[in-house]
Amino acid sequence: MKSQKLINSILQHAVEGKLIPQNTKDTNINETLKELSNRKKSLGNSIKLPKKYNSGLDETPYEIPHNWKWVRLGELSRKITDGVHKRPKYTNDGVPFLSVKNISSGVLSFEETRFVSIEDHKKMVERCDPEKGDILFCRIGTLGKPVVIETNQEFSIFVSVGLIKLIDNRMSNFIKLVMESPMFMKQINQVKVDGSHTSKINLRDVPNFWIPLPPLEEQQRILNKVEKLSIKIEEYDNLERKLTSLDDTFPIKIEKSILQYAMEGKLTPQITSDEPAKILYKRISDEKNHLIDNKTIRREKASPPLKAEEIPFEIPKSWKWVRLGDIGRWGAGSTPSRSNPLYYSGDIPWLKTGELNDGVIHQSNEHITELALEETSVKLNPIGSVLIAMYGATIGKLGILSFEATTNQACCACIPYKGIYNKFLFYYLMSERNTFINAAEGGAQPNISRSKIINFPFPLPPFKEQQRIVEKIEEILNQVDKLNSF
């Protein structure tokens, strides 16, 4: 059971007289009501209640213990009103002026409050004078939320806040408890008025709300019991939040752990018959040189050898540390001029970073024409290319092409050389996403440049081991997804 449901259950039991046993030595409730009636008569014209109104709350909600009585809130009150209806002139200091935001948390808060002049405050309290022991409640917005005033601090209130002055303030905390119960909220929902932006309680309905009233002694025992249970509920709530946080972060943490283990060569066993990575790297280098000689790609400045401080973790002996620029052809896309309509609405997919889905990409929202491909710097990337976002909030987002496609300049595409399994590269980039994000530069629009990407270290395993690692990663992640679905 969620903590809020548990709280509601306790409060409902409390107002039904089922939370604690009744005590025959308690004052007879009829005597209490007679005393309240006498006090009310003695107050005479100082009683200020809204005009009676038939709200439809005729039947008492349920059976209660024999020494309890169903009474109307108006029978227990000497004043029910709300705050000033016209927004006052605010001042830099003076008397605090509170609105519904100052009580909607269930606690009377003087933080982030406005102020009114002493003169205006004196005029306001002629009608609405909140004092220690009174009950404030939200009559607009978070309906019914009550707070007992426990301070002598003077303040005024806005129309969104209601004020209840009881005949006997010894009942204030119990009435607050009743107002927090599901029983009371059900009554509010019966009479509330739904507006276009928010709901409200009409002040004339408030005196008609039913209150299940036990003797004062039992009221106090109920409050004591709820207070003790509240401590346990708070402990339960803290535990619940920790478990919820664990549930929320579990997939992310376990995914990170799996990927990290995989990239360190700890997820699958090494097989001595695999071709060592240094031989694979030699073949990749030969392929790269062949493409340069055939002018398929341009010769770039040779990458500097990796320094010891650049190597983030240890890898198996059969692996080799290289740079990302050594294992594939990396190129950023571009955006054909939007002012030329002949460049768009063609048949060639054109991707933006928002379409990178950390998986295989199966469609594109926009398309460009052959003319755009011929006349602009946009490049067509083959099926299997690995894409990584370089700009803004999407830095590190990934995708693998299931079709030939171009991209905008915020995407960098890698066409892996033979011997590089594109899915292994994909999972490695995913494992290092936070590193890319932290390496981004720029203010409002941070970015990770192509030059930083191609100089980034890459742990190169034998090709067959790349395949085994990917197979194991996907097997485990699939099991994690099944666990999360329960």
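1. In this predicted model, a good place to start is the meeting of two helices, where Leu 11, Ala 14 and Val 15 of helix 1 touch Leu 177, Val 178 and Glu 180 of helix 4. Sorted by character, the residues of this contact between helix 1 and helix 4 comprise 5 nonpolar, no polar and 1 charged. Helix 1 covers residues 3-15 and helix 4 covers residues 172-180, and the two pack at an angle of about 120°, with their axes 9 Å apart. That angle makes helix 1 oblique to helix 4, and the crossing of the pair is left-handed.

2. How many of the 9 residues of helix 4 are buried? The count is 7 of the 9, so helix 4 is largely enclosed by the rest of the structure. The buried residues of helix 4 are Ser 172, Phe 174, Ile 175, Lys 176, Leu 177, Val 178 and Met 179, and of these Leu 177 and Val 178 have already appeared among the residues that meet helix 1.

3. A sheet of 3 strands, open and with mixed pairing, has the order 4-3-7. Its edges are strand 4 (114-116) and strand 7 (156-157), and because each of them has a single partner strand, one side of each is left without a neighbour in the sheet. Strand 3 (residues 95-98) runs antiparallel to strand 4 and is joined to it by 3 bridges, with Pro 96 having Phe 115 in strand 4 as its bridge partner.

4. Strand 5 (residues 135-138) deserves a careful look, since its side chains can be followed in two directions: Ile 135 and Phe 137 point one way, Leu 136 and Cys 138 point the other way, and all are buried. Strand 5 pairs with strand 6 (residues 146-148) in the antiparallel sense over 3 bridges, and it is also joined by 4 bridges to strand 8 (residues 161-166), again in an antiparallel arrangement. Leu 136 can be used to locate both pairings, for this residue stands opposite Val 147 in strand 6 and opposite Leu 163 in strand 8.

5. Another strand with both faces covered is strand 21 (residues 457-460), in which Pro 457 and Pro 459 lie on one side, Phe 458 and Leu 460 lie on the other, and all are buried. The partner to examine here is strand 12 (residues 320-323), which pairs with strand 21 in the antiparallel sense over 4 bridges; within this pairing, Lys 320 stands opposite Leu 460.

6. Further along the chain, 5 strands form an open sheet of mixed pairing, and their order is 13-20-17-18-15. Which strands stand at the edges? They are strand 13 (328-332) and strand 15 (359-361), each with a single partner strand, so one side of each has no neighbour in the sheet. From one strand to the next, the twist averages 30°. Inside the order, strand 17 (residues 386-389) and strand 20 (residues 411-416) run antiparallel and are joined by 4 bridges, with Ile 388 standing opposite Cys 412 in strand 20.

7. The sheet of 5 strands should be viewed together with helix 9 (residues 422-431), which lies across strand 13, strand 15, strand 17, strand 18 (398-401) and strand 20. Relative to strand 18, helix 9 runs at about 170°.

8. Ser 334 is found in the loop between strand 13 and strand 14 (344-351). Is Ser 334 buried or exposed? Its relative accessible area is 11%, and because buried means under 20%, Ser 334 counts as buried. Apart from neighbours within four places in sequence, Ser 334 is in contact with Trp 350, Ser 377, Val 378, Thr 407, Asn 408 and Gln 409.

9. The last residue to consider is Pro 349, which lies in strand 14 and counts as buried at 13% relative accessibility. When residues up to four places away in sequence are left out, Pro 349 touches Ser 364, Glu 366, His 367, Phe 403, Glu 404, Ala 405 and Thr 406. A student may also wish to find Leu 380, which is 31 residues from Pro 349 along the chain, while the C-alpha atoms of these two residues are separated by 9.0 Å.

Technical notes
Residues are numbered from 1 along each chain as its sequence is written. This is a predicted model: local features need pLDDT of at least 70, side-chain atom pairs count only at pLDDT 80 or more; totals for chains, interfaces and linings use all residues. Side-chain values use heavy atoms; hydrogens and water are left out. Two strands pair if DSSP finds at least two bridges between them. Axes are lines fitted to C-alpha atoms, for helices over the stretch in contact, and angles run from 0 to 180 degrees between N-to-C directions. Contact means heavy atoms within 4.5 Å. Buried means under 20% relative accessible area, exposed over 50%, partly exposed in between (1.4 Å probe, protein chains only). Angles under 35 degrees count as roughly parallel, over 145 as roughly antiparallel, 65 to 115 as roughly perpendicular and the rest as oblique. A crossing is left-handed if the near helix is turned anticlockwise from the far one by less than a right angle, and right-handed if clockwise. Ala, Val, Leu, Ile, Met, Phe, Trp, Tyr, Cys and Pro count as nonpolar, Asp, Glu, Lys and Arg as charged, and the others, Gly among them, as polar.
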